[in-house]
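This report covers one protein chain, from a single strand outward to its cores and whole-chain totals.

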Amino acid sequence: MRSRLSAALVAGLLSSGLLTQAAVAQSAKPTLLQRIRALIGLNRPIAAGGSRSSAALAVCVITPRTELDAKGQAQALVPLPRPTILAAGPLNEVRIDRGDRPVWRQRASSTQAIEGPISWPLEPIQPGEQLTLLLRPRGASGGDFARIQLTGASATEMSSHQALVDQLGSDAKAWLKAVDTALDRDQVPLAWALLFAPQDPRSAELDELRREVLRRG
């Protein structure tokens, strides 16, 4: 019914009272998969810095949701205390700095790259706390990283978002609705964090969304 209603039919149903304006709005709303596909297209790759790196060496960070500021620096507002780290494509190294000091790192072997989601390896990020996430793509020189400044959301937001995760439990439909609601509210970082949270239950619909993000990342 949603996509096949003609303008004339909709007008007739509205005039007869058989279809409400709210129902029309709902019928026109893109699916969750369509909305996520559109958002994936907005991702901009982050170049691995350093003069020795090829210009083609860049990282597309899926989560935490990352944006470039006016100076071209990658920033991510982190809505959950323990964000999942996930990039599209193989990596040679993942590092987290606090200030100028590395506090955690993982390196690939000569035969096995780092791929797939990484659960947050440190103590929870505090509200307003700033850390630097460094990602070195496969093929980049030893000191050439894509750098993302992570900033913890406000205490109110983090508390509210964590309470939401705890409330969702293992109900896959509730998780899908929470992602959709976050997008309705233009809370894209939260939607991405929920989609890839380690607490996510396994379900065909959630897995399809995650696969789509990875395919298009």
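Strand β4 spans residues 74–78, and its side chains alternate. Ala74, Ala76 and Val78 point to one face and are buried; Gln75 and Leu77 point to the other and are not. Buried means under 20% relative accessible area, exposed over 50%, and partly exposed in between, with a 1.4 Å probe and protein chains only. Strands are DSSP runs of E with at least two residues, helices are runs of H or I with at least four, and both are numbered from the N terminus.

The model is predicted: local features need pLDDT of at least 70, side-chain atom pairs count only at pLDDT 80 or more, and totals for chains, interfaces and linings use all residues. Residues are numbered from 1 along each chain as its sequence is written, and side-chain values use heavy atoms, with hydrogens and water left out.

**Strand pairing**

Two strands pair if DSSP finds at least two bridges between them. The partners of β4 are tabulated here.

| Partner of β4 | Sense | Bridges | Opposite residues |
|---|---|---|---|
| β3 (residues 67–68) | antiparallel | 2 bridges | Glu67 and Gln75 |
| β9 (residues 146–152) | parallel | 5 bridges | Ile148 and Ala74 |

The hairpin of β3 and β4 has 5 residues between the strands. There, Gly72 takes a positive phi near 85°.

**Cores**

A nonpolar core is a set of buried Ala, Val, Leu, Ile, Met, Phe, Trp, Tyr and Cys residues joined through side-chain atoms within 4.5 Å. The largest has 28 residues. Ile36, Trp192 and Leu194 have the most contacts inside it. Helices α3 (32–40), α4 (155–168), α5 (172–184), α6 (188–195) and α7 (204–216) each supply at least two residues of this core. Another core lies apart from it, with 24 residues, among them Ala76, Val94, Ile118 and Leu131.

Contact means heavy atoms within 4.5 Å. Beyond four places in sequence, Ile36 touches Leu183, Trp192, Leu195, Leu209 and Val213. Leu32 is found in α3. Leu32 counts as buried because its relative accessibility is 15%. Leaving aside neighbours within four places, Leu32 is in contact with Leu176, Val179, Asp180, Leu183 and Leu209. Leu32 and Leu209 are 177 residues apart in sequence, yet 8.4 Å apart in space, C-alpha to C-alpha.

**Charges over rings**

A charge sits over a ring if NZ of Lys or CZ of Arg is within 6 Å of the ring centre and within 35 degrees of the ring normal. The charged end of Arg65 sits over the ring of Trp192, 5.0 Å from its centre. Arg95 has its charged end over the ring of Phe145, 5.1 Å from the centre.

**Whole chain**

The protein chain has 7 helices and 9 strands. Of its 217 residues, 42% count as buried.
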